[in-house]
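Subject: Structure handover

Hello,

Here is the structure for your files. My notes on what turned up in it follow below.

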Amino acid sequence: MKITHIIGIIVIVVAIAVIVSTTKDVSTYVTFKEAADMAASGKSTKVHVVGSLKKDATGNILEMSYQPEIDPNHFTFKLIDRDNKETIVVYDNPKPQDFERSEQVVVIGHMQNNEFIAEKILMKCPSKYQETEIKGTEKAGSQASL
């Protein structure tokens, strides 16, 4: 057997090992019902749930609890998934910055006792995109006045 064949076999084995190790971290987007069903069946894999925050007419988040003076690493809020199911999300870390400004939230974690235990929170903040549009509009407006 030539040395190039041995090196080729080693490269293939390493590539297969990398692919197998990365597939273990893959999780899927589900609803809270699907996450509860997975937890009830004994699957402990992490899942992604996309949802929106429960807000009143003025844009204030409803049913959110964060008391840093008591426990700075405990944050709970209610999230509405794409099936309009409301579930309490428990996040045992400090509240993410600009959480109130986010419109859509992705929580990564698992269901436990009718609550979603989040390990990560990803937020989509529309203000980042609106600010760019305003700057672009102002620039276009200033050019038009010249």
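Leaving aside neighbours within four places in sequence, which residues is F77 in contact with? The list is L53, E63, M64, T87, I88, V89, F99, V107 and I121. Please keep in mind throughout that this is a predicted model.

Overall layout

The protein has three helices and seven strands. Along the sequence they run in the order α-β-α-β-β-β-β-β-β-α. Of its 146 residues, 27% count as buried. Among contacts with a separation of 6 or more, 51% are between residues 24 or more positions apart.

The core

The largest nonpolar core has 20 residues. F77 is one of those that touch the most other members, and F77 shares that standing with L79, V89, F99, V107, F116 and I121. At least two residues of this core come from each of α2, β2, β4, β5, β6 and β7.

Helix α2

Which residues of α2 are buried? They are F32, A35 and M38. Viewed down the helix axis, these buried residues fall within an arc of 120 degrees, so they line one face of α2. In general, an α-helix has 3.6 residues a turn, so residues three or four places apart point the same way. The exposed residues K33 and A40 sit on the face of α2 turned away from the buried side.

What do the buried residues of α2 pack against? Their partners are the strands β1 (29-30), β2 (47-53), β4 (75-81), β5, β6 and β7 (115-124). Just after α2, the chain reaches G42, which takes a positive phi of about 95 degrees.

Two residues of strand β5

Strand β5 covers residues 86-91, and T87 is found in it. Is T87 buried or exposed? T87 counts as buried because its relative accessibility is 4%, and the cut-off for buried is under 20%. Not counting residues up to four places away in sequence, T87 touches F32, F77, K78, L79, M111, N114, E115 and F116. F32 in that list is one of the buried residues of α2, while F77, L79 and F116 appear among the core residues named above.

Y91 also has its place in β5. With a relative accessibility of 12%, Y91 counts as buried under that cut-off too. Its contacts, again not counting residues up to four places away, are N73, H74, F75, P96, A118, E119, K120 and I121. One of these, H74, is 17 residues from Y91 along the chain, and the C-alpha atoms of the two are separated by 6.0 Å.

The cavity

How many cavities of 30 Å³ or more does the structure hold? There is one. The space in the largest cavity comes to about 50 Å³. Its lining is made up of A35, M38, A39, K43, S44, T45, V47, G109, H110 and M111. The elements that give two or more residues to that lining are α2 (32-40) and β6 (104-112). By type, the lining residues divide into five nonpolar, four polar and one charged.

Some of these names have come up already. A35 and M38 in the lining are buried residues of α2, and M111 in the lining is one of the residues that T87 touches.

Regards

Notes. Residues numbered from 1 in each chain as written. Predicted model: local features only at pLDDT ≥ 70, side-chain atom pairs only at ≥ 80, totals over all residues. Heavy atoms only, no water. 1 Å grid on protein atoms, 1.4 Å probe; cavity = no way out; pocket = protein on both sides within 12 Å on 5 of 7 lines; lining within 4 Å. Points joined across faces, edges and corners; volume = space filled by probe spheres on them. Helix = DSSP H or I, 4+ residues; strand = E, 2+ residues; numbered from the N terminus. Nonpolar A, V, L, I, M, F, W, Y, C, P; charged D, E, K, R; others polar. Buried < 20%, exposed > 50% of the residue type's maximum accessible area, 1.4 Å probe, protein only. Contact = heavy atoms within 4.5 Å. Arc of directions from axis to C-beta. Core = buried A, V, L, I, M, F, W, Y, C linked by side-chain atoms within 4.5 Å.
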